[in-house]
Each structure stands twice: as structure tokens, then as C-alpha cells.
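Welcome! Take a moment to look over the sequence and turn the structure around, then try the exercises that come next.

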Amino acid sequence: MRFLRLQTAAAAEEALLALTKILPEELIPLDKTCGRILSCSITAPENIPGFDRSVKDGYAVRSADTLGAAEQKPKILRLTGKILMGQNNSGFLDEKTAKYIPTGGVMPEGADAVVMQESAELAGDLVMIKTPVNPGADVLGKDEDFAKDQNIFPAGTKLTAQAAGVLAAFGIDPVPVIRQPKIGIISTGNELIAPNEKLELGKIRDTNSTLLQSFVIEAGGIPAFYGIIPDIAEALKNVLERAVAECDAVILSGGSSKDERDVTANVIAELGTIHVHGVSIAPGKPTIIGSISGKPILGLPGHPASTYMIATVFAKPMIQKMTGDQTRDRIVPAKLSMSFPSEKGREDLIRIKILPDGSAEPVLGKSGLLNTLIHSDGYIRIPAGLDGCEAGETVEVHLWQ
């Protein structure tokens, strides 16, 4: 199969996302939610903390009873009890009285402030208040953290440890999230061996399967590796059919170029439809976007660095759409430290290292070099209409993390 008409990167991404559907909702335990995507918005079912409580150890008082208090002329209040933690035994506070209250204790009715222990002195059943307090001093209102019916998290929120803590405070367990997509991963090539095999001349270790499995996990999916498949159409067809039946999408690496031995495009076309075969982007020109049984199929180039770049540009937004993840790339502006050329007529993905002074240094090298990935902090996208960039020019750096 020859290359079809080259598509722009934007058109190729649009074609892939048109094939991609958001997955259904599932309920999962609260302690398993970190990194998952909410399927619906969450509103506060109740007030938090739910009662007025002290944020300091001290004495619950009526603030009006402390007016004029001073070190040399304290206000004297009668101690009428001690509030216990975790119990609703606060009762009512009369004028000119005080109750001891620990941090987190329920404020008694009638009290509107707390005097810290350091600002008071106890003498028998009398409390000498040495400084005045304003209404609300060291008191957390019943809805001051979250108010009932307040919108807490919109649908599409990626849940963090902090978010899980908030959900726990509301007693939301289980939690409604979008199901994680199962992404099939297939490596193709007669030259490939497993990473733990002894390397022989002419063979290379299969880097892409490990790289892509980790990539899928980072993007929010569940990888399913289907092994290293030789460049034999029937062998690839059998494995691809099984992967499509068991997964929500499939990513293949290798076998996407014009070499007559490469069979990926032919097998995808036989089983389904090829929508894009060739993208005007570097690295990654031989990228394939297809579909089988309504599921997206993404064919990536064989060089690991190219594989990672194209997975970042295409596979990541595909997985994000499946999960409803609305997180976008972290992009920082930086000035280029040097000039470099770019081939007009294609979009160039240039890896970038952020220097200590904040400038952006291009990490230039051949597309197959793995070291450019670990020596870079992100990448920039050079539009197809440009023939290069000049030193001092401000660019947008898409950070890896």
C-alpha cells in the first residue's frame, strides 16, 4: 500500500478524535480514585464542617463579654464546664460565663468566639480574660469550608489525593468515574527481541512495548501487551483481531513505512478502514490512523523517540477523550538560546531543554535517538509554514510532565 495524501497534524488528530468515544461510567471505591476522572459533577450534600467549631484550645465565650479586657485589667468570667471532643455536650452559654473547648470542639449555643489559653488564666472556677476577641475569632463556621449544594468538582476533574480527602469528608463512597480504556499494544518487526533477551548482531530490543505501556498508564489507560509480532500479514491479522475484540483501542509500533515488507497498513485496511496514512510531521511521517469495528487503531513509527513523540501528539488526546480528562499540557513560554532550521511544508516537533536561566535549548538529533527524550524537558511545535526559528524568539514549550 502506498502512502495516501499526507494530512496535516491537525487534520490527523481531528480524524482520530472523531473515531474516539467517551467510555461509560463505573463506580469505584474511594481509596482507588486517585488519578481517575469524575463522570459527573459533585455538589456538597451537606455543610462542612457541619457545626461551628473551635480552631484553638481555649475558652468559648460571648465576644461582648471580653470588651475592654487587658493584661492589667482582665475580664472575669465564670467557668461552667468543659466541652469534650467528639461529643455534642456543648449546651448553652450564658452571659458572663465561659466553657473550656479543645481544638475541633463543638461551639456551645450563645458563644461566638474562642479565647486562646495563652490569653486567659484559670483561677478555680473563674477565667480571667486578658485580651478582647471579636465575633468569630478562632471559630470555624458550620459551612465555612463547604456549603451545602455548593459545586465542588465539575465532571471531567482528574481526582488527586486532595480531592479524595474532600470526597471522604462528604462520605462519597463509591465514586462515579469514567471507565479506564484498555489499550492494546502490539510491536511489529522481525528484528525485535524482548528486553530481557541477549542481544545479537542485527537484532534490537523491543523498547516501544515498554515505553507505550508506561505511556498508557501515565495517560490514564490500562495497557494490554500482545507481544512482538513478525512482519507476516497472517500473524499480525490474528493478533490484531484479538486485540480489537478485547480492547477499546489498539496502538501498533513499527511496520508503518513504505517498505514493501511492512504489512501494518494492509492488515488494518483488510480488517477495517484506514483514515490517515502519512502525516506532514517530523518525526512521525508514516503514522497510520484507522478503525476496526468502530475502534481507533493507531500505527506509530518504529523508532522509539518518534514513537514517544507521536504518542504524545495523538495517543494522549485519544485516551483523554475516552476518559473525559480535561487536563491540558503544561505550556511555558521561553526564549530560544540558538537558531535552527526547519523543513518548510511540514510541522516539526523539536525537543527542548529548559536551561537554568529559563531559556529553551533545542535538543537536536536524529529521530531514532533515545537520548533526546531523557535530555529534554518537553517539545515545541514548529508550524509547517516556517523554515526555522531564530535565537531570542519566544516559543511555547509543552512540558513532558
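The exercises below walk through this predicted model step by step.

**Exercise 1. Find which face of helix H3 is buried, and what that face packs against.**

Step 1. Locate the helix. H3 covers residues 207-219, which makes 13 residues. From its first C-alpha to its last it reaches 18 Å, close to the 18 Å expected at 1.5 Å a residue.

Step 2. Pick out the buried residues. They are Asn 208, Ser 209, Leu 211, Leu 212, Phe 215, Val 216 and Ala 219. Viewed down the axis of H3, these buried residues fall within an arc of 165 degrees, so they line one face of the helix. A general rule helps here: an α-helix has 3.6 residues a turn, so residues three or four places apart point the same way.

Step 3. Look at the other side. There, Ile 217 and Glu 218 of H3 are exposed.

Step 4. Name the packing partners. The buried residues of H3 pack against strands E13 (182-188), E16 (222-229), E17 (249-253) and E21 (295-300), and against helix H6 (304-323).

Step 5. Check the ends. At the N-terminal end, Asp 206 caps H3, with a side-chain oxygen 3.4 Å from the backbone nitrogen of Asn 208. Just after H3 comes Gly 220, whose phi is positive at about 105 degrees.

**Exercise 2. Work out how strand E13 pairs with E16 and E17.**

Step 1. Begin with burial. Of the 7 residues of E13, 6 are buried, so the strand is largely enclosed by the rest of the structure.

Step 2. Follow the pairing to E16. E13 and E16 pair in the parallel sense over 6 bridges. In this pairing, Phe 225 of E16 is the bridge partner of Ile 185.

Step 3. Now turn to E17. E13 and E17 run parallel and are joined by 5 bridges. Here Leu 252 of E17 is the bridge partner of Ile 186.

**Exercise 3. Give the strand order of the open sheet of 6 strands and find its edges.**

Step 1. Write down the order. It is E7-E4-E6-E5-E9-E8, with mixed pairing.

Step 2. Identify the edges. E7 (113-116) and E8 (120-123) each have a single partner strand, so one side of each is left without a neighbour in the sheet.

Step 3. Add the turn between strands. With direction ignored, neighbouring strands of this sheet are turned by 40 degrees against each other on average.

Step 4. Zoom in on one edge. E8 runs antiparallel to E9 (residues 126-129), and 4 bridges join them. Ala 123 stands opposite Leu 126 in E9.

**Exercise 4. Decide whether Trp 400 is buried or exposed, and list what it touches.**

Step 1. Place the residue. Trp 400 sits in the segment after strand E28 (394-399).

Step 2. Apply the cut-off. Buried means under 20% relative accessible area. Trp 400 has 15%, so it is buried.

Step 3. Collect the contacts. Apart from neighbours within four places in sequence, Trp 400 is in contact with Tyr 308, Met 309, Thr 312, Arg 351, Leu 373, Ser 376, Asp 377, Gly 378 and Tyr 379.

Step 4. Add the distances. The side chains of Trp 400 and Ser 376 are joined by a polar contact of 3.1 Å. Asp 377 is 23 residues from Trp 400 in sequence, yet their C-alpha atoms are 6.0 Å apart.

**Exercise 5. Find cis peptide bonds and positive phi values in the loops.**

Step 1. Recall the general rule. Most residues other than glycine have a negative phi, and most peptide bonds are trans.

Step 2. Look for cis bonds. One runs from Ile 48 to Pro 49, with omega near 15 degrees, and Pro 49 is in the loop between E2 (42-43) and E3 (53-54). Another runs from Ala 282 to Pro 283, with omega near 0 degrees. Pro 283 lies in the loop between E19 and E20 (288-292).

Step 3. Look for positive phi. Lys 96 has a phi near 60 degrees and lies in the loop between E5 (75-82) and E6 (97-101). Asp 138 has a positive phi of about 55 degrees and lies in the loop between E9 and E10 (139-140). With a relative accessible area of 23%, Asp 138 is partly exposed.

Note on methods. Residues are numbered from 1 along each chain as its sequence is written. This is a predicted model: local features need pLDDT of at least 70, side-chain atom pairs count only at pLDDT 80 or more; totals for chains, interfaces and linings use all residues. Side-chain values use heavy atoms; hydrogens and water are left out. Helices (H or I, at least four residues) and strands (E, at least two) are DSSP runs, numbered from the N terminus. The expected span of a helix is 1.5 Å times one less than its number of residues. Buried means under 20% relative accessible area, exposed over 50%, partly exposed in between (1.4 Å probe, protein chains only). The arc is that of the directions from the helix axis to the C-beta atoms. Contact means heavy atoms within 4.5 Å. A polar contact is a pair of N or O atoms within 3.5 Å; within protein, one must be able to donate a hydrogen and the other to accept it, and residues adjacent in sequence count only if both atoms are side-chain atoms. Two strands pair if DSSP finds at least two bridges between them. Axes are lines fitted to C-alpha atoms, for helices over the stretch in contact, and angles run from 0 to 180 degrees between N-to-C directions.
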